[in-house]
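Subject: Structure for you to look at

Hello,

Here is the structure I said I would pass on. Please open it beside this message, since the notes below follow it piece by piece.

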Amino acid sequence: MKILVAVKRVIDYNVQIRVKEDGSGVVTDNVKMSTNPPDDNAVEEAVKIKEAGKATEVVAITVGEEKAQETVRKALAVGADRGIHVKAEGILEPLAVSKILQKVVEKEKPDLVFMGKQAIDDDCNQTGQMLAALLNWPQATFASKIDVKDKSLEVTREVDEGLETISVNVPAIITCDLRLNEPRYASLPNIMKAKKKPLEQLSATDLGIDTKPRIEQIKVEEPPKRKAGIKVGSVSELVQKLKNEAKVI
Amino acid sequence: MSVLLIAEHNNKELKPFTLNAITAASQIDQELHILVIGYNADNAAKAASSVPLVKKVIHIDNSIYENYLAENFTPAIIKHAENYSHIICSANTFGKNLMPRIAALMDCSQISDIIKVVSPDTFLRPIYAGNAFATVKSNDKKKCVTIRPTSFDAAPSDGGTAEIIKGDGADEFTLTKFVKKEEIKSDRPELGTARIVISGGRGMQSGDNFKLITAIADKLNAAIGASRAAVDAGYITNDHQVGQTGKVVVPDLYIAVGISGAIQHLAGMKESKVIVAINKDGEAPIFSVADYGLEADLFEALPQFLEELNKLNTIQK
């Protein structure tokens, strides 16, 4: 089995987001970037499946500007075999990314495509489902457990009511939850080795995909601030405040 | 213009968030139709028809729709989507799984998780875990939009008499099979709609210690939430997780116990009307959003809290 894993470069999850004063977006200059956290889980799962002898090759792919390659290099450093970088500039909507991935899937013919369930920058939660739609493949979203069978996967999904299990025939798209596994760290020797692994460069234009946004971003603003609260000195003071001041109990 | 809303239901009744999505959909356009796809789902279709804001119910009934699979629902929805300007559903795990599959096939760039309808093509949505709000305008002919249910009031559910018509389904998608659902049953209010939520974090130290939270939840008729750290540590099941990748809650009162307040957790609760934080670390970021902060050891504070609540005889249910 061959697994394609899609990774996205985003502002690091620990960075305090700052909105640009002109309302055009958030500040990204001199801000720490890293791989979208659930994409790390997707890479980890693919590598684990390969280590278990159930997959033969793991290919990591990213779509974006030149620096997005860093995320593919990171995937290579934790066990992916080779990488693909599809160059595209500007805001990329999930629909455009899924069309690009569709083209690459048609060329690479993987049995499985893994990615994180949601990117922590635009919080869209769309790309995996859209790719599954375009390919007319099964989709197992929000996966917290994956059991690889012969020609199918049994996937436990995290849903609002609890856990749901579905069985999907391969080829299939899996989007990964943070609880799927514990991503490993890359060792220094493996980071060095990753630099020698093949990384193919493509561009959205070569693939014939128009990435021009369909959604106009009119403005980005700070959310309303909460007014500062107070510290209470004791539990009884807390209960009195909740009852007499906030009137919520 | 008219709006097609995809109902979430259990074949007997509508799930509560469908009513919140109806409110948002009616703000886009008054001509609101609702699609009920299920098996032996007459009662769910009737419930939809009695919502006064709903103008028409399309009911598709077939055994292949007994369990919800996006792969089966999508072609049925596409069949009925032609006459509508907007396709809408809730941005919970139901809608998040379903809507992009519909949008891609209609070549529509979906707008996820809106918190306000500015106009029929312009919406407000949180990005970066709610640390920024983006106003976005869709230029697609047909718009696919998911609604953050807690940002809209539930629509009144009684008194309407919308017409119910039978609709055709589509062929079964046979490559995906439903296996089972482990639904956690509880007599407590649902986390997403509860008036009071009390949540525990890593500071709880064990699943057993959550009984301190349970006792207070019983007293206040509250739902129980948790941070991702507490769920990851196995203290409590995933359906309790509040945050960027869990549930978003907007209760009247949110009590965060032993939760440090990572931005990913704040994303799920900072719109709550009143926030209480109990944490022994006075520097914990949770205090920056709390209306009332109590710097204390939770293992001493929670039993005292219960005791004080027991002294009150006026607790609202």
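In which sense do strand β4 and strand β5 of chain A pair, and over how many bridges? The two strands, residues 57–64 and residues 82–87 of chain A, run in the parallel sense, and 6 bridges link them. Please keep in mind that this is a predicted model.

Strands in chain A

To find the pairing on screen, start at V59(A): its bridge partner in β5(A) is R82(A). Helix α2 of chain A, residues 69–77, belongs with these two strands, and β4(A), α2(A) and β5(A) make a right-handed β-α-β unit.

β5(A) also pairs with strand β11 of chain A, residues 199–203. These two are parallel as well, and 5 bridges join them. Here G83(A) has L199(A) in β11(A) as its bridge partner.

A general point may help when you look at the strands: in a regular strand, side chains alternate between the two faces of the sheet.

Where the chains meet

The contact between chain A and chain B takes 64 residues from chain A and 72 residues from chain B. On the chain A side, several elements each supply at least two residues, among them α3 (94–108), α4 (127–135), β7 (139–148) and β8 (152–159). Which element gives the largest share of that side? It is β9(A), with 8 residues. Sorted by class, the side of chain A that touches chain B has 31 nonpolar, 14 polar and 19 charged residues.

Strand pairing also goes from one chain to the other. β13(A) and strand β16 of chain B, residues 292–295, pair in the parallel sense over 3 bridges. In this pairing V232(A) stands opposite L294(B).

Two helices across the contact

Packed helices are described by the angle between their axes and the distance between the axes. For α6(A) and helix α8 of chain B, residues 298–311, the angle is about 45 degrees and the axes are 9 Å apart. How do the two helices lie to each other? Angles from 35 to 65 degrees fall outside the parallel and perpendicular ranges, so α6(A) and α8(B) are oblique to each other. The crossing of α6(A) past α8(B) is right-handed.

The residues that meet are V235(A), S236(A) and V239(A) from α6(A), and A301(B), Q304(B), F305(B), E308(B) and L309(B) from α8(B). By class, this contact has 5 nonpolar, 2 polar and 1 charged residues.

Regards

Technical notes: Residues are numbered from 1 along each chain as its sequence is written. Chains are lettered from A and ligands numbered from 1 in the order in which they are written. This is a predicted model: local features need pLDDT of at least 70, side-chain atom pairs count only at pLDDT 80 or more; totals for chains, interfaces and linings use all residues. Two strands pair if DSSP finds at least two bridges between them. Helices (H or I, at least four residues) and strands (E, at least two) are DSSP runs, numbered from the N terminus. A crossover is right-handed if, with the strands pointing away from the viewer, the path from the first strand over the helix to the second runs clockwise. Two residues are in contact if their C-beta atoms, placed from the backbone, lie within 7 Å. Ala, Val, Leu, Ile, Met, Phe, Trp, Tyr, Cys and Pro count as nonpolar, Asp, Glu, Lys and Arg as charged, and the others, Gly among them, as polar. Axes are lines fitted to C-alpha atoms, for helices over the stretch in contact, and angles run from 0 to 180 degrees between N-to-C directions. Angles under 35 degrees count as roughly parallel, over 145 as roughly antiparallel, 65 to 115 as roughly perpendicular and the rest as oblique. A crossing is left-handed if the near helix is turned anticlockwise from the far one by less than a right angle, and right-handed if clockwise.
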